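This report describes a two-chain model, with most attention to one of the chains. The sequence and structure come first, and the description follows.

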Amino acid sequence: MLILVVRRLLGMLPVLLAVSLLTFLIASLLPGDLAFVILGDQATPENVAALRHDMGLDQPLWWRYLSWLGHVMQGDLGRSFRTGQTVLQAVGERFPVSLQLMLMAEFIGLLIGVPIAIACAARAGGAFDRFMTGSAFAMLSMPSFLVAILLIYLFAVELRWLPATGYVPFTEEPLANLRFFVLPALTLALAEWPGIMRVLRSDMIATLQEDYIALAKAKGLKPSRILFVHALKPSSLTLVTVTGINIGRLLGGTLIVESIFALPGIGRLLVGAIYTRDLIILQGVVLLVACGFVIVNFIVDMLYAVLDPRIRHGHA
Amino acid sequence: MSAPLLSIEDVTVELPTPRGNLRAVDHVDLSLAPGRTLGIVGESGCGKTMLSRAVLQLLPKKAKLSGRVMFGGQDLARLAPESLRRLRARELAVVFQDPMTSLNPVLTIGTQLMETIQEHLELDAPAARKRSIELLAAVGIPAPEHRLAQYPHQCSGGMRQRIAIAIALSCEPKLLIADEPTTALDVTIQAQILDLLAREQRRRHMAMIIITHDLGVVAGRADEVAVMYAGRVVERAPTQALFKRMHMPYTEALLAAIPKLETAPHTPLPAISGRPPDPTRPLRGCSFAPRCRYAAARCREAKPELKAAETSGHLYACFHPIQMAEGIGA
């Protein structure tokens, strides 16, 4: 098990390096000189040249990459030239919002998707199964901005149960905070559950054909035990993968949902950085989000081993 | 003979397929007294496994079962699901063919044994654990305490089949169905597993159905043998009577297809030529006729019914029974 952990950790290193290189290149190769952006269109060539020298922009690309990487290794991702905030400060402020949104969305998504998947697989081909498979397909094809607007119309405008937009930190008003998050989390969850349901359903249907399920029936176990203990665990590997990818994706915030519901998360930070050409923030945030994604995938790998003893013992 | 524990009465199993209904089991009658052993023999696809699944009530959802499966005075096919569930393991248990796939790969051996015991016998966890260890020891697994925490993939095939047998025996069933219990195992392990089954059967006075394609497996172990072909029982007799004189050419051909030690090297095996008939298109005559070397015109026209031979309890379905066991011998 320890060997497995170490091997996977070592495998992450080249991925992270590649991610850092790509991030740097994207920010550096964007058209427009950073010095011009900072100084504005009134800048004299002398001022621009001086600033370029100060920022190291006159150095060759590989040198700039290595020096940036060196700073990153020491935990210094740079500082916004507009607000003076460091990347870590900016992300630290916004991350809890995106994290909470991700957790609530995944939780609701799994809460809807998993029971439906199990119920469908238990009676595959039945009326409920056909109805839910069709509904999942319909939900998959609805864009999130449409779902968001429909939810706002229903719950905020018509029923007036929940606020449409806004945010207060959980530490100040926990209940109000949760109320602000319900609609955006539900919007994301409605896009998540069809995927969750479809992969778990098809894996469960395959597992239920296995000999060991027939034996579990022959042993006279309760149907609930057969479904939840004998069938669910060996069927959940793809589910864990899909959930991991979803989590990784949502960790980086969601541009559309955060914008519609006015949540100050990572997604909004990124949009702002792009509009204001705040390249330092942009490349720092992209790097951090990518690292988060890699780490989530590492955790998913470890979860495989927890779920399947054959992976734990190096048989598969 | 005492009243039968199991009696299969006119059982037919049909499976819908895209090419029409497939009749896997065709009007089969069999019975088994408590403590006795029945061998069901036939080649792949002859319906023996479907018949066992019909008894176990583990048929695929779409399968249609007609006839009665009387077990301890109740028709299993018409039993409420909950009553059937309570009867499993305590009365009716099974060992499947492939121990590589019949144990759950993500649950420990201890869990898979103890869940059965705790479901049916009123034992707390420590008592169930103790019983599991005893069962594993009884089926010949060394260091059983240590095995409980292991997963199936950490055990060899023979070991897994012993574990599957321990699970089947865990609640002292009255009937054990062993569906090709040794087919997936090494030859050296096969005899050990069969001896283990026979020993535990005697100790626990349970009835057993051994399903196999190998007449050699049932020869010394079954009290009665039923030979199946194309979904039907084509010959049925007490084991000794069957091996003394087989009537049905198919039975003879099955026996001839077993490799023997005394034949010279490189002798081709007398395999049964051709293939079993398409079960979605039943033949008008005897279903073995196209492959039978004794077949005559009448065999292709009419289906022979099971009829009694001179020796008691011996039934066969053939118009031209073999006159003498021609030097094949058991």
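A residue counts as buried if 20 or more other C-beta atoms lie within 10 Å of its own, as exposed if 12 or fewer do, and as partly exposed in between, with C-beta atoms placed from the backbone. Helices (H or I, at least four residues) and strands (E, at least two) are DSSP runs, numbered from the N terminus. The model is predicted: local features need pLDDT of at least 70, side-chain atom pairs count only at pLDDT 80 or more, and totals for chains, interfaces and linings use all residues. Residues are numbered from 1 along each chain as its sequence is written, while chains are lettered from A and ligands numbered from 1 in the order in which they are written.

**Strand β9 of chain B**

Six of the six residues of β9(B) are buried, so this strand is largely enclosed by the rest of the structure. B:Glu224, B:Ala226 and B:Met228 point one way from β9(B), while B:Val225, B:Val227 and B:Tyr229 point the other way. In a regular strand the side chains alternate between the two faces of the sheet.

Two strands are taken to pair if DSSP finds at least two bridges between them. On that basis β9(B) pairs with β3(B) in the parallel sense over four bridges, and B:Ile40 stands opposite B:Ala226 of β9(B). With β10(B) the strand β9(B) runs antiparallel, joined by six bridges; here B:Glu224 stands opposite B:Pro238 in β10(B).

**The sheet and its helices**

β9(B) belongs to an open sheet of eight strands with mixed pairing, in the order β6-β7-β8-β3-β9-β10-β12-β11 (chain B). β6 (92-95) and β11 (307-308) of chain B stand at the edges with a single partner strand each, so one side of each is left without a neighbour in the sheet. The partner of β11(B) is β12 (residues 315-316) of chain B, paired in the antiparallel sense over two bridges. In that pair B:Lys307 stands opposite B:Tyr316.

Contact between two residues means that their C-beta atoms, placed from the backbone, lie within 7 Å. Axes are lines fitted to C-alpha atoms, for helices over the stretch in contact, and angles run from 0 to 180 degrees between N-to-C directions. Helix α1 (residues 48-56) of chain B packs on the sheet and touches β3, β6, β7, β8 and β9 of chain B, with its direction at about 150° to that of β7(B). Helix α11 (residues 249-256) of chain B lies across β3, β9 and β10 of chain B and runs at about 100° to β9(B).

**Positive phi values**

Most residues other than glycine have a negative phi, and most peptide bonds are trans. The table lists residues with a positive phi.

| Residue | Phi | Place |
|---|---|---|
| B:Gln57 | near 60° | loop between α1 and β4 (64-71) of chain B |
| B:Ala143 | near 50° | loop between α5 (125-138) and α6 (144-147) of chain B |
| B:Ala230 | near 50° | hairpin of β9(B) and β10(B) |

B:Gln57 is buried, with 20 other C-beta atoms within 10 Å, whereas B:Ala143 is exposed, with 10. The hairpin that holds B:Ala230 has two residues between its strands.

**Chain B as a whole**

Chain B has twelve helices and twelve strands. Its radius of gyration is 21 Å, close to the 20 Å that the globule rule gives for 330 residues, so chain B is as compact as a globular protein of that length. The radius is taken over C-alpha atoms, and the rule is 2.2 Å times the number of residues to the power 0.38. The C-alpha trace of chain B spans about 65 × 50 × 45 Å along its principal axes, and buried residues make up 44% of the 330 residues.

**Domains of chain B**

Domain bounds come from an automatic or database domain assignment. For chain B the assignment gives domain 1 (6-35 + 50-227) and domain 2 (232-259 + 271-316). The contact takes 22 residues from domain 1 and 19 residues from domain 2 of chain B. On the domain 1 side, β2 (20-32), α9 (215-219) and β9 of chain B each supply at least two residues, and β2(B) gives the largest share, nine residues.

**Contact between the chains**

Chain A contributes 19 residues to the contact and chain B 24 residues. On the chain A side, α9 (211-218), α10 (223-235) and α15 (309-312) of chain A each supply at least two residues. The largest share, six residues, comes from α9(A).
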